[in-house]
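Welcome, and please open your viewer. We will walk through one protein together, selecting a few residues at each stop.

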Amino acid sequence: MKIGFLALSGVRVMDAELLKIGVNLPGFVERSKVIASLPSLGLLTLAGLTPANHDISYVEVPDINDPAIIANLPGPFDVVAISSFTAMIKDAYVLADRYRAAGTCVILGGLHVTLCPDEAALHADAIVIGEGEPVWPALLRDLETRTIKPRYQSLQPYDLADAPMPRFDLLDVNRYNRLTIQTSRGCPWNCEPRAPSIRLNPKYRTKPVAKVIAELHRIKEIWPTPFIEFADDNTFADRRHGHTLMDALIAEKVRWFTETDISVAQDEVLLQKMEKAGCAQVLIGLEDPGSATEGIELKGNWKAHQHTHYLESIRRIQDHGITVNGCFVLGLDQHTPESFDRIWDFINTSQLYEVQLTVLTPFPGTPLYTRLAHEGRLIEPTAWEKRTLFDITFQPRSMTAEALRQSMIDLAGKVYSADFTEHRRRQFVRRKIELRNNTHAA
Ligand code: B12
């Protein structure tokens with residue numbers, strides 16, 4: 001069969017003013033360029049599980065709203081497999097409907113399909129709920145024997161020891177300035193608004209380090225000095241695995257970025273290993289540096305008790321030459337316009353190298369969505385295209401939606417101004433030089 005693995009590329013923000021801030025300010029231009037160019041690891045993984053007798057290709061469909069793109073869709077294919085995040089799902093449905101109208105069999109899977117299967121089923125010959133690997137081989141066999149079923153669901157957590165080699169070789173590697181490798185799935189901190197791999201299967205699992213390194217070697221075959229992003233929810237949640245991974249990575253001489261939590265700052269040996277292993281940046285969900293994080297995480301409020309040592313932790317990590325990208329969630333129930341002054345003060349004194357401001361986002365299928373729906377606080381409950389982490393899709397508790405939007409715009413204006421961005425960069429470099437001089441002097 002001729003199979004097309006189709007990803008909808010790029011990033012999205014619907015609110016024109018937030019978009020303008022998002023793409024115009026220096027900190028963001030840099031980041032959005034980087035972000036916009038990552039392939040779909042989910043589809044590359046399924047391609048890796050597809051037997052060689054099939055003729056497969058990986059295609060990124062740039063903008064489905066462009067008539068020229070929709071008129072010249074890639075193909076022809078016998079089957080297309082389309083991946084889904086919530087913000088682009090309506091585009092995915094347009095794409096799916098077009099292919100089906102042309103007689104192509106359409107399989108839909110991914111996060112949004114898992115969260116809203118009944119809706120997705122209206123646009124596909126078959127949908128896959130949950131992780132793709134456990135059901136993909138059977139689904140392909142059913143396609144060959146024309147016995148395809150409307151739904152496939154994987155319930156058991158997939159053992160990452162069995163993970164196939166993603167087909168990085170299908171990529172036009174010149175399009176990307178980083179590539180992803182997944183080292184774990186899930187996160188033990190079950191945060192209320194988060195909608196990543198934990199929603200595919202709740203069990204936290206790690207991939208054997210040898211497999212991670214083998215994937216890196218495969219990437220190096222097509223890109224000898226790659227920049228890697230670990231597509232994890234929390235790379236160091238299993239500390240022992242994290243140490244083993246770092247031990248193996250040191251010899252690889254690559255630069256990389258990942259997401260983790262602030263507790264890595266307490267593990268000096270791990271930080272030393274991360275530095276040696278080429279860690280360029282860690283993204284850490286600080287949510288709100290005040291006690292307002294109370295309630296965001298559903299397991300013991302661990303994050304709420306961390307803010308007192310955030311500043312010290314950020315310094316410790318950055319003293320290892322690893323920049324911290326502090327991620328703040330705006331619009332929490334406790335937030336009033338005054339909270340934004342407090343967040344700004346924190347950012348200003350934190351010496352954070354990079355800052356990510358996002359708005360609380362009720363993704364379907366999350367505890368946050370259920371709670372806000374129950375409280376009647378969702379604005380346009382199914383405006384999936386606005387689930388971008390920037391657009392405001394709910395009624396905040398302690399301020400109006402417009403006040404939240406304006407406060408966000410004002411804060412972003414300060415945080416991403418050319419001067420402050422430059423100041424953050426310089427601070428980091430100055431501290432690096434200071435530490436180096438101290439080491440030489442000692
Ligand atoms: C890398 C990444 C990106 C990359 C690459 C995206 C891509 N095309 O895959 C970029 C930077 C482009 C990106 C963009 C965006 N992202 Co993003 N991203 C991630 C990140 C960090 C890792 C995703 C990943 O690679 N997972 C690993 C792979 C293996 O998992 P997977 O894709 O889910 O695939 C598995 C299954 O879902 C299934 N599957 C997937 N597709 C298909 C298709 C078929 C046919 C089948 C059968 C199965 C199947 O099988 C796979 C293997 O089990 C996650 C956060 C995280 N830590 O998980 C956020 C995350 C996925 N992103 C998110 C968001 C919000 C966005 C943006 C909307 C941001 C924006 N404002 O533009 C855009 C939307 C992009 C789009 N085109 O739709 C949210 C999505 C929440 C949701 N419910 O939709 C997440 C969870 C982050 C968060 N804060 O919550 N993102």
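The tour below goes from the two sheets to the ligand and ends in the loops.

**Before you start**

What you see is a predicted model, in which local features need pLDDT of at least 70, side-chain atom pairs count only at pLDDT 80 or more, and totals for chains, interfaces and linings use all residues. Residues are numbered from 1 along each chain as its sequence is written. The names of helices (H or I, at least four residues) and strands (E, at least two) refer to DSSP runs, numbered from the N terminus.

**Stop 1: the sheet that includes β1**

Select β1 (2-8), β3 (79-82) and β4 (105-108) to begin. These strands belong to an open sheet of six, in the order β2-β1-β3-β4-β5-β6, with parallel pairing. Two strands count as paired if DSSP finds at least two bridges between them. Now add the edges: β2 (55-61) and β6 (151-153) each pair on one side only. From one strand to the next, the twist averages 20 degrees. For such angles, axes are lines fitted to C-alpha atoms, for helices over the stretch in contact, and the angles run from 0 to 180 degrees between N-to-C directions.

What holds strands together in a sheet? Strands pair through backbone hydrogen bonds, either parallel or antiparallel.

Zoom in on β4 and strand β5 (residues 126-129), which run parallel and are joined by two bridges. Pick I107 and look across to A126, its bridge partner in β5.

**Stop 2: the sheet that includes β7**

Next, move to another open sheet of six strands, ordered β7-β10-β11-β12-β13-β14 and paired in parallel. At its edges you will find β7 (179-181) and β14 (354-359), each pairing on one side only. Neighbouring strands here are turned against each other by 25 degrees on average, direction ignored.

Start from β7, which pairs in the parallel sense with strand β10 (residues 227-230) over three bridges. Select L179 and you will see I228 of β10 standing opposite. Which strand does β10 pair with over three more bridges of its own? That is strand β11 (residues 255-260), again in the parallel sense. In β11, W256 is the bridge partner of I228.

Now show helix α10 (residues 239-249), which makes a right-handed β-α-β unit with β10 and β11. Right-handed means that, with the strands pointing away from the viewer, the path from the first strand over the helix to the second runs clockwise. Turn the model that way and trace the path yourself.

At the β14 edge, strand β13 (residues 323-330) pairs with β14 in the parallel sense over six bridges. Try two pairs here: C327 has Q356 of β14 as its bridge partner, and V329 stands opposite T358. Helix α13 (residues 337-350) completes another right-handed β-α-β unit with β13 and β14.

**Stop 3: around the ligand**

Which residues come nearest to the ligand? Select V11, G42, G109, G110 and G132, the nearest of the 48 residues around the ligand. A residue counts as near if its C-beta atom, placed from the backbone, lies within 6 Å of the molecule.

Among the elements that each supply at least two residues of this shell are α3 (41-48) and α6 (111-115). The largest share, five residues, comes from α3. By type, the shell divides into 25 nonpolar, 15 polar and eight charged residues. Here Ala, Val, Leu, Ile, Met, Phe, Trp, Tyr, Cys and Pro count as nonpolar, Asp, Glu, Lys and Arg as charged, and the others, Gly among them, as polar.

Colour domain 1 (2-24 + 39-153) and domain 2 (178-441): both give residues to the shell, so the ligand lies between them. The domain bounds come from an automatic or database domain assignment.

**Stop 4: the loops**

Find P76 in the loop between α4 (67-71) and β3. The peptide bond from G75 to P76 is cis, with omega near 0 degrees.

Then go to N174, in the loop between β6 and β7. Is N174 buried or exposed? It counts as exposed because it has 7 C-beta neighbours inside 10 Å. The cut-offs are 20 or more other C-beta atoms within 10 Å for buried, 12 or fewer for exposed, and partly exposed in between, with C-beta atoms placed from the backbone.

Finish with E380 in the loop between α14 (367-374) and α15 (401-415). E380 has a positive phi, near 45 degrees, though it is a residue other than glycine.
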